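User: I am new to this structure and would like to understand the reasons behind the labels it carries. Could you take me through them with care?

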Amino acid sequence: MVNLHSHSLLSDGCLLPSELAIRHQAKGYKLLAITDHVDTSNIDFVVGSILKFSNKWPHSGGITVLPGVELTHIPPSQFKPLVKYARKAGIKVIIGHGETPNEPVVKGTNRAAIEAGVDILAHPGLITDEDILLAIKRGVLLEITSRRGHNQANPHVAERGLALGAKFALNMDCHHPDDILAPEELNQIGLNLKIVDALANPIQHK
């Protein structure tokens, strides 16, 4: 089982990257992406820090940790340059903070993130069919999330995504130890929405 959306104290989480990894490993996860929130103000710091951590993390016998970022509440025009910057630096999982109904996200963010080539569009809210079709074309996964508030639109994302042939990422978007579900609990969310057969790893998918 994998979780490709998590936050450490490098942004608004409360755990060190190492504790985040160990807690996921203790729950039975095999792969974790640490994807702290970034914009132009902190991307240099977060990218450098998470790459340093993941490069030194043990790679034998335990959980694999991928360095990631979540481009969050940025002007749509900044997605392409920031995706390019993160990709060139060595970031493995790039998430776009989508148009969740739970926050005041700028209209057009879903489209800009997809066009920029993020790996996962997080909590995309009431995403349009046009944007879903573009995500399919660009190889962008749509997120189904366990996070309270953001998960309000899960049924819409699953229904329209399945109807059009999208691929999904099932994530926790965890910030706190209590957000880390057991693998079977996370998997049950996917089973309830019938998206398990359409799950994909963004690294393999692209």
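Analyst: What follows is a set of questions and answers about this model, which is a predicted one.

User: Why is Asp 173 called buried?

Analyst: The label buried applies under 20% relative accessible area, and Asp 173 has a relative accessibility of 2%, so it counts as buried. This residue sits in the loop between strand S7 (168-171) and helix H7 (183-192), and its phi is positive, near 50°, although it is not a glycine.

User: What makes a positive phi worth pointing out?

Analyst: Most residues other than glycine have a negative phi. Asp 173 has a positive one, and His 73 also has a positive phi, of about 50°, without being a glycine. His 73 is found in the loop between strand S3 (64-71) and helix H3 (79-89).

User: Is His 73 called buried, partly exposed or exposed, and why?

Analyst: Partly exposed is the class between 20% and 50%, and because the relative accessible area of His 73 is 44%, that is the class in which it falls.

User: What makes Glu 19 and Arg 23 a salt bridge?

Analyst: The rule asks for a side-chain nitrogen of Lys or Arg within 4 Å of a carboxyl oxygen of Asp or Glu. Between the side chains of Glu 19 and Arg 23 the N to O distance is 2.9 Å, and therefore the pair meets the rule. Both residues lie in helix H1 (residues 17-27), four residues apart, which is about one turn of the helix. Glu 19 is partly exposed at 32% relative accessible area, and Arg 23 counts as partly exposed at 35%.

User: How do you know that the salt bridge of Arg 87 and Asp 119 links distant parts of the chain?

Analyst: The closest N and O atoms of Arg 87 and Asp 119 are 3.0 Å apart, which is within the 4 Å that the rule allows. Arg 87 belongs to helix H3, whereas Asp 119 lies in the loop between helix H4 (109-116) and strand S5 (120-122), and the two are 32 residues apart. Arg 87 is partly exposed, with a relative accessible area of 33%, while Asp 119, at 2%, counts as buried.

User: Why can the pair of Asp 179 and Arg 147 be said to tie parts together?

Analyst: These two residues form a salt bridge in which the closest N and O atoms are 3.3 Å apart. Asp 179 lies in the loop between S7 and H7, and Arg 147 in the loop between strand S6 (141-145) and helix H6 (154-164), so the pair joins parts that are 32 residues apart in sequence. Asp 179 counts as partly exposed at 23%, and Arg 147 is partly exposed at 25%. By the same rule the count comes to five salt bridges.

User: How do you know that H4 is mostly covered?

Analyst: Six of the eight residues of H4 are buried, namely Thr 109, Asn 110, Ala 112, Ala 113, Ile 114 and Ala 116. What covers these buried residues includes H3, strand S4 (93-97), S5 and helix H5 (129-138). After H4 comes Gly 117, with a positive phi near 85°.

User: Which residues have the most contacts inside the largest nonpolar core, and which helix gives the largest share?

Analyst: The largest nonpolar core has 52 residues, and Leu 71 and Leu 142 have the most contacts inside it. Helix H2 (residues 43-56) gives the largest share, six residues. A second, separate core of 11 residues includes Leu 4, Ala 33, Val 93 and Ala 169. Leaving aside residues up to four places away in sequence, Leu 142 touches several residues, among them Leu 121, Ile 132, Val 157 and Phe 168.

User: How do you know that Ala 89 is in contact with residues outside its own stretch of sequence?

Analyst: With neighbours within four places left aside, Ala 89 is in contact with Val 47 and Leu 51. Ala 89 and Val 47 are 42 residues apart in sequence, and their C-alpha atoms are 7.6 Å apart in space. Ala 89 lies in helix H3 and, because its relative accessibility is 34%, counts as partly exposed.

User: What makes up the lining of the largest pocket, by class?

Analyst: The lining has eight nonpolar, three polar and no charged residues. Met 1, Phe 168 and Asn 187 are among them, and S7 gives the most, with four residues. The space in this pocket is about 170 Å³.

How values were computed
Residues numbered from 1 in each chain as written. Predicted model: local features only at pLDDT ≥ 70, side-chain atom pairs only at ≥ 80, totals over all residues. Heavy atoms only, no water. Buried < 20%, exposed > 50% of the residue type's maximum accessible area, 1.4 Å probe, protein only. Core = buried A, V, L, I, M, F, W, Y, C linked by side-chain atoms within 4.5 Å. Contact = heavy atoms within 4.5 Å. 1 Å grid on protein atoms, 1.4 Å probe; cavity = no way out; pocket = protein on both sides within 12 Å on 5 of 7 lines; lining within 4 Å. Points joined across faces, edges and corners; volume = space filled by probe spheres on them. Nonpolar A, V, L, I, M, F, W, Y, C, P; charged D, E, K, R; others polar.
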